[in-house]
Amino acid sequence: MPVYVQHYRLWAGRPTPRWLRWTVITRYHLTQLFAGKGRVALLLLLLISGVVHFLFLMLIYINANTEFLAVWGLPPGQLPRINREFFLNAFIPQGFLCGLLTLIVGSGLIADDRRDNAIPLYLSKPLMPLEYLLGKFGTLAVFLLAITALPINALYLFEVLTHGGWAFVKANWQLPLGITAFSFLITALCGAVILMASSLVKKGALAGVLVIGLFVAHNILAGILQDIYKTKKLMVISLQFDLFRAGLWLLGVRAADSRAVRNIPFSGPEALAMILIVTVVCWAVVWWRIRPVEVVK
Amino acid sequence: MNAPAPILLDDVSKWYGDVMGVNGISGQVGPGVTGLLGPNGAGKSTLLKVMAGLLAPSRGRVEILGSDPRRDIEIHRRLGFCHDGDGFYDGLTGLDFLRLSLRLHGFGARPARQMAGDALEKLGLTAEARKRIGAYSKGMRQRLKMAHAIAHDPEIVLLDEPLAGMDPVGRHSTLELVRQWGEAGRVVLISSHILHEIDVLTGNIMMLSHGRLLAEGDIHEVRDLLSEHPHQIYIECANPRALSSRLITMDSVQKVHVERDRPGVMLETFQPDALYQQLGRIVVEEGIEIELMTSPDDNVQAVFDYLTQGRTEEGA
């Protein structure tokens, strides 16, 4: 056909910003999760998380209004003090919920793409493997940050507005940073572990089983090694201790204020280093597994 | 000065460990439809994946519109790839699947909806647009893959065995669509191991066998270059014996054979152009009415057979 009758012209519209393109994947997964069968479990977990935060909120409120204790006939001394450890304690029930959410949301993120042979569909677009992973990680991060960083920082704000005031801010100005950093640390670790498991299998359920297995196995290993070498220092192998210790450090809980700090025989930076090593190794495995074409040798 | 070809391959090789995918392929693909031909395992899919930037070549260089598709990610906005695998989200509707794809290509919500609808319409899937992909037949899934490859209106379209699993009507309409894309000025590279499918679509071919490029270019020009094989010409007429007696006296004719089961003559020649000129004269002088004239070995299958004959014999 002569050139003058060839009517093909490239689309002249303006594309969406490149740096936001990965959010398409996150939004897609969020829509699918709330449209799928698992939405009841998701909503239930989010509801439980909300109830737990409400209880912490009530504790702050009652601390600010101790006359309520008199109404119920309770002594004021039984109330927990609103200090840095209080905010770390707010993470503990959320940590359990984070684990469940990670399993529900994260296990199929890559495994389903591998099962459906959908990875080439993403990587034949103007999308780098890193952006693909960011989109997947973003899905989990939305949930985990929604039950950690967001509500616990809101608790901090509530304490400042109802009770602590400027004096509390002055004494704990770095606490919101610590809460945010700790939330991101939990999210990064959970995301790395579940995405690694998800990238190794082709069924989401298997990824979940793999993560539970790894969790149980590494804690058993930590216990055995402690018994063999007769040192509690080897608790550093257990990621849940590492997370707790890193949380104490990031939220600035001092040894003088917390028995937990004194009981764990390794420092915050050591715990943080251990978590970072595991996170980096998991991400490296994920990176190695994300290939647009699976080569069967 | 000529503009550089939209697809340029320079000594492209790809090995999977010890297994060779493609080896030392150089060539270029220009606007219009080009057939990428070869039997199963010839390296067609590997070559297309290398072109689409999904596989890194072990050696050599691929340029798509002047860019390396593995480095210049934005080039994928101008490149559509219909891969051989069946990669879909069965829970999504065809429309939602294309919208997701278009959003990943960088289109806003509104143009994505519009373009997804247009692509489904072009492939005749409008009625099934809101059905879950899991409920699609094999042929519908193939058409959806094609819609996915062209929904973002790319300049270059790479189609890996797009006709596999389609019914005859679907094949016909798909080939017609591919022809239209080529005529519109797009660069379309379509692979198939069924050679006659491509024969009816284009004369422009790249022929692969055992990971190597056997031939590239216009099929008739490639055929002419095969000088060791005489051209076969079949002429159908009312009086084949009279025609054959004249043909045998011509220097340009190597061999003449009167067909038993049909009223015609099969001849072999190394000089087809000279023969056609002389044939015109004979027809006028003898008053022979020619009803049909074809070249049975001037097609993709015959050229492929000639090209692989030596290789097979060497192998044996």
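Trainee: How do strand β10 and β13 of chain B pair, and over how many bridges?

Mentor: This is a predicted model. In it, strand β10 of chain B, residues 231-237, pairs with β13(B) in the antiparallel sense, over 4 bridges.

Trainee: Which residue of β13(B) is the bridge partner of B:Y234?

Mentor: The bridge partner of B:Y234 in that strand is B:T294.

Trainee: What sheet do these strands form, and in what order?

Mentor: They belong to an open sheet of 4 strands in chain B, ordered β11-β12-β10-β13, with antiparallel pairing. The edge positions are taken by β11 (253-258) and β13 (290-294) of chain B, each of which pairs on one side only. On average, neighbouring strands of this sheet are turned by 20° against each other, direction ignored.

Trainee: And the sheet with β5 in it: how many strands, and what pairing?

Mentor: That one, also in chain B, is an open sheet of 6 strands in the order β5-β6-β7-β3-β8-β9, and its pairing is mixed.

Trainee: Why do β5 and β9 each have one side without a neighbour in the sheet?

Mentor: Because β5 (79-82) and β9 (212-218) of chain B stand at the edges, each has a single partner strand, and one side is therefore left without a neighbour in the sheet. Neighbouring strands here are turned by 15° against each other on average, with direction ignored.

Trainee: Parallel or antiparallel for β5(B) and β6?

Mentor: Parallel: β5(B) and strand β6 of chain B, residues 156-160, are joined over 4 bridges. Within that pairing, B:C82 has B:L159 of β6(B) as its bridge partner. A helix also packs on the sheet: α1 of chain B, residues 44-51, touches β3 (32-37), β6, β7 (187-192) and β8 (204-209) of chain B. The direction of this helix makes about 150° with that of β6(B).

Trainee: Back to β5(B) itself. Which residues point which way, and are they buried or exposed?

Mentor: B:L79 and B:F81 point one way from the strand, while B:G80 and B:C82 point the other way; all are buried. As for facing residues, B:F81 stands opposite B:L158 in β6(B).

Trainee: Changing topic to backbone angles: what is phi of B:E161, and where is that residue found?

Mentor: B:E161 has a positive phi of about 45°, although it is not a glycine. The residue is found in the loop between β6 and α5 (168-183) of chain B.

Trainee: Is B:E161 buried or exposed, and why?

Mentor: B:E161 counts as buried because 22 other C-beta atoms lie within 10 Å, and the class requires 20 or more.

Trainee: What about A:N117: what is its phi, and where is its place?

Mentor: Phi of A:N117 is near 55°, again a positive value in a residue other than glycine. Its place is in the loop between α5 (111-115) and α6 of chain A.

Trainee: Which burial class does A:N117 fall into?

Mentor: A:N117 is partly exposed, since it has 17 other C-beta atoms within 10 Å. That class lies between the limits of 12 or fewer for exposed and 20 or more for buried.

Trainee: Since α6 of chain A has come up, how many residues does each chain give to the contact?

Mentor: The contact takes 28 residues from chain A and 33 residues from chain B. On the chain A side, α1 (23-35) and α6 (119-123) each supply at least two of the residues that touch chain B. The largest share of that side, 4 residues, comes from α6(A). By class, the side of chain A that touches chain B has 18 nonpolar, 6 polar and 4 charged residues.

Trainee: Then the overall picture: how many helices and strands are there in chain A?

Mentor: Chain A has 13 helices and 0 strands. Its C-alpha atoms fill a box of roughly 90 × 50 × 35 Å along the principal axes. Of its 297 residues, 36% count as buried. For contacts in chain A between residues at least 6 apart in sequence, 76% join residues at least 24 apart.

Trainee: And how many of each in chain B?

Mentor: Chain B has 10 helices and 13 strands. The box filled by its C-alpha atoms is roughly 70 × 45 × 45 Å, taken along the principal axes. Buried residues make up 43% of the 316 residues in chain B. Among chain B contacts between residues at least 6 apart in sequence, 67% join residues at least 24 apart.

Conventions
Residues are numbered from 1 along each chain as its sequence is written. Chains are lettered from A and ligands numbered from 1 in the order in which they are written. This is a predicted model: local features need pLDDT of at least 70, side-chain atom pairs count only at pLDDT 80 or more; totals for chains, interfaces and linings use all residues. Two residues are in contact if their C-beta atoms, placed from the backbone, lie within 7 Å. Ala, Val, Leu, Ile, Met, Phe, Trp, Tyr, Cys and Pro count as nonpolar, Asp, Glu, Lys and Arg as charged, and the others, Gly among them, as polar. Two strands pair if DSSP finds at least two bridges between them. Axes are lines fitted to C-alpha atoms, for helices over the stretch in contact, and angles run from 0 to 180 degrees between N-to-C directions.
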